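Visitor: Could you take me through one part of this model up close? I'd like to look at the sheet and what sits around it.

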Amino acid sequence: MKKKVLIVEDNPQNMRLLEMLLGAKGYTLLKAIDGEEALDTATREQPDLIIMDIQLPKMSGLEATRQLRQLPDFSHTPIIAITAYAMKGDQEKLLAAGCDAYLPKPINTRELPEVISEMLFPPPKDKPGPEGDNGEPEDSSH
Ligand code: MN
């Protein structure tokens, strides 16, 4: 099934770049150009992952992320923050607001798609223990 990615970005040039990068990966793309639209679109479309610019009109990406994290539907949705102005301490703020990762601008066209696919398709966790694997009772105590 195609993964839905919401791109929140108010800069048209960056938006075009992100669309090109991610469209090439075959994701279904949704777009929002300010923080309020980001919340509207996210709650309506339930994306699998959100790329969140931080400097946005109406509501910052930081605030939009905080609000999304309070909704049960978005408690675990990966959110990747992108910003040109991160300084010391900002990264902590972004992570505290609920972002899973932070990438600086200008956008690294190789790194971003990699980070996204790692989050959408995480490697399988450790194999489950022996119990429940083959349906055979194991070491039953009674
Ligand atoms: Mn911006």
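**A close look at the sheet**

Guide: Let's begin in the sheet, where strand β1 (residues 4-8) and strand β3 (residues 49-53) run parallel and are joined by four bridges. One pairing to pick out on screen: L6 has I50 in β3 as its bridge partner. Keep in mind that this is a predicted model.

Now zoom out a little. β1 and β3 belong to an open sheet of five strands, paired in parallel, with the order β2-β1-β3-β4-β5. At the edges you'll find β2 (28-32) and β5 (101-104), each of which pairs on one side only. If you ignore direction, neighbouring strands here are turned against each other by 20 degrees on average. Helix α5 (residues 111-120) packs on this sheet and touches β3, β4 (79-83) and β5. The direction of α5 makes about 170 degrees with that of β5.

Next, follow the chain to helix α2 (residues 35-45), where G35, A38, L39 and A42 are buried. These four span an arc of only 95 degrees around the axis, so they end up on the same side of α2. Their cover includes β1, β2, β3 and α3, which brings us back to the strands we started with. Turn to the other side of α2 and you meet D40 and R44, both exposed. Right after α2 comes Q46, with a positive phi near 50 degrees.

Since α3 is part of that cover, let's see what else this helix does. The axes of α3 (residues 61-69) and helix α4 (residues 90-97) come within 8 Å and cross at roughly 30 degrees. With angles under 35 degrees counted as roughly parallel, that makes α3 roughly parallel to α4. On the α3 side, the residues are L62, T65 and R66, and they meet K93, L94 and A97 in α4. Sorted by class, this contact has three nonpolar, one polar and two charged residues.

To place all of this in the whole chain: there are five helices and five strands, and reading along the sequence gives the pattern β-α-β-α-β-α-β-α-β-α. The chain has 142 residues, and 25% of them count as buried. As for how contacts span the sequence, take those between residues at least 6 apart: 60% of them join residues at least 24 apart.

Notes. Residues are numbered from 1 along each chain as its sequence is written. This is a predicted model: local features need pLDDT of at least 70, side-chain atom pairs count only at pLDDT 80 or more; totals for chains, interfaces and linings use all residues. Axes are lines fitted to C-alpha atoms, for helices over the stretch in contact, and angles run from 0 to 180 degrees between N-to-C directions. Helices (H or I, at least four residues) and strands (E, at least two) are DSSP runs, numbered from the N terminus. Angles under 35 degrees count as roughly parallel, over 145 as roughly antiparallel, 65 to 115 as roughly perpendicular and the rest as oblique. Two residues are in contact if their C-beta atoms, placed from the backbone, lie within 7 Å. Ala, Val, Leu, Ile, Met, Phe, Trp, Tyr, Cys and Pro count as nonpolar, Asp, Glu, Lys and Arg as charged, and the others, Gly among them, as polar. Two strands pair if DSSP finds at least two bridges between them. A residue is buried if 20 or more other C-beta atoms lie within 10 Å of its own, exposed if 12 or fewer, and partly exposed in between; C-beta atoms are placed from the backbone. The arc is that of the directions from the helix axis to the C-beta atoms.
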